[in-house]
Every structure is written in C-alpha cells, then in structure tokens.
Amino acid sequence: MSSKFGKNSDMSSDTPRVSWDEYFMNIAAVASTRSTCPRKYVGAVIVRDRTLLSTGYNGSIRKMPHCSEAGHMMENDHCVATIHAEANAIIQAAKNGVGIDGSTIYVTASPCWNCFKTIANAGIKRIVYGEFYRDDRIFDVAKQLEIELQHLPPTIPTPKPEPRKS
C-alpha cells in the first residue's frame, strides 16, 4: 500500500495526527511514568521551536532513596522528599548547558507556586498543563508577566496516584 507516508506505510492518509501541543503533552505524560513518588505522578518537557530540550519527572534527590522505596517525607499533607517535574526539567537543561529562555513547558499538572516562580525566572514564556494542581496564584501572576497558560490534558493515559491514607 502506498500513501503520503511512503510505500508500505502503516499510516493511512486518514489517520488522525495529533497537534504539536498534544504531541509534547503526551511525551510529558510518558515522562510522568518515571516518577518515584506514588502520591503524584507528574512529567514535564521543555520545548522551543518544536524541539524537545529537556524532560523531568517528580523524584527524589539524586543518590537518595525514592519514596517508592523508603516512604514519604510528609509536611502539611504534602511529600517534600521529591523535586517536582518542572524543577527537574529546568535543572536537567542547566546541567547539560541547554538554554531554555523563551521556551514552552508542558507539564501534566499545573505548577505549584515554587515551580511557577522557577519557571518564570528561567525565562519560559508558555506553560501548557494537563490538570489544575493546588495554587491559583499562578493565573494572576502569569498574566502580569505575560506568561501564557494553557490547559490541555494528555490524550494518553497517565498513572494514577495511590489512594490517600487518613
């Protein structure tokens, strides 16, 4: 069978193709499957000019035990042992000398306040998030800073957090 994708391609011309935003959000969803804290699986990817620059997921400090192995470090009903996906993606870019100024971050959950501040100071100009998480201060401040916020759930399944224990 011949198509616009070449001879013997599995893709037919009527196969729906995801948008760039959906594509990168789905990659963030796949990154979330590497998360090591089962309370919340979050993935992030940083992109500029349709090029993936960095990825991150929520996990413990390098060389420290993961929540999935050692348990949670809880403060105010929040596990503080992990570094959030957005921060890990920014750190990974910095560690590898990758500039992210003017980029877009795709994250499966909207950034917490601390991650939002880090994103803003890193020069990221657009945040595409899959679900709202915790802090609505980001909406007003994003508007003031002219950082675009867009809600776009992944089109592929993401891991579900473990049930909360009372």
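User: Which element gives the largest share of the lining of the second largest pocket?

Analyst: Good place to start! A general idea helps: rolling a probe the size of a water molecule over the atoms shows where empty space is left. In this predicted model, helix α4 gives the largest share of that pocket's lining, with three residues. β7, β8 (82–83) and α4 each supply at least two residues of the lining.

User: How much space lies in the second largest pocket, and which residues are closest to its centre?

Analyst: The second largest pocket holds about 240 Å³ of space. It is lined by 14 residues, and H78, H84, C112, W113 and N114 are the closest to its centre. Sorted by class, the lining has eight nonpolar, four polar and two charged residues.

User: What volume does the largest pocket have, and which residues lie nearest its centre?

Analyst: The largest pocket has a volume of about 330 Å³. There are 14 residues in its lining, and Y57, S60, R62, N88 and Q92 lie nearest the centre.

User: Which elements should I look at around the largest pocket, and what classes of residue line it?

Analyst: Try β4 (51–57), β5 (59–60) and α3, since each of these supplies at least two residues of the lining. By class, the lining of the largest pocket divides into five nonpolar, seven polar and two charged residues.

User: Now for enclosed space. How many cavities of 30 Å³ or more are there?

Analyst: A cavity is a space where the probe fits but cannot get out. The count here comes to one cavity of 30 Å³ or more, and the largest cavity has a volume of about 210 Å³. Its lining has 18 residues, of which K40, N58, H78, H84 and Y133 are the closest to the centre.

User: Which elements help line the largest cavity, and how do its residues divide by class?

Analyst: β7 (78–79) and α3 (85–95) each supply at least two residues of that lining. The lining divides into seven nonpolar, five polar and six charged residues.

User: Let's turn to helix packing. At what angle do α3 and α4 cross?

Analyst: The axes of α3 and α4 cross at roughly 30° and come within 9 Å. Angles under 35 degrees count as roughly parallel, so α3 is roughly parallel to α4.

User: Is that crossing left-handed or right-handed, and which residues make the contact?

Analyst: α3 passes α4 in a left-handed crossing. The contact is made by E86, A87 and I90 of α3 together with C115, T118 and I119 of α4. By class, these residues divide into four nonpolar, one polar and one charged.

User: How do α4 and α5 pack, and how far apart are their axes?

Analyst: Helix α4 (residues 113–121) and helix α5 (residues 137–145) pack at an angle of about 15°, and their axes are 10 Å apart. Therefore α4 is roughly parallel to α5. The crossing of α4 and α5 is right-handed.

User: Which residues make the contact of α4 with α5, and what are their classes?

Analyst: On the α4 side, look for W113, F116 and A120. On the α5 side, R137, I138, V141, A142 and L145 take part. By class, the contact has seven nonpolar residues, no polar ones and one charged. You may recognise W113, which is also among the residues closest to the centre of the second largest pocket.

Methods
Residues numbered from 1 in each chain as written. Predicted model: local features only at pLDDT ≥ 70, side-chain atom pairs only at ≥ 80, totals over all residues. Heavy atoms only, no water. Axes fitted to C-alpha atoms, helices over the stretch in contact; angles between N-to-C directions. Helix = DSSP H or I, 4+ residues; strand = E, 2+ residues; numbered from the N terminus. Parallel < 35°, antiparallel > 145°, perpendicular 65-115°, else oblique. Left-handed = near helix turned anticlockwise from the far one by under 90°. Contact = heavy atoms within 4.5 Å. Nonpolar A, V, L, I, M, F, W, Y, C, P; charged D, E, K, R; others polar. 1 Å grid on protein atoms, 1.4 Å probe; cavity = no way out; pocket = protein on both sides within 12 Å on 5 of 7 lines; lining within 4 Å. Points joined across faces, edges and corners; volume = space filled by probe spheres on them.
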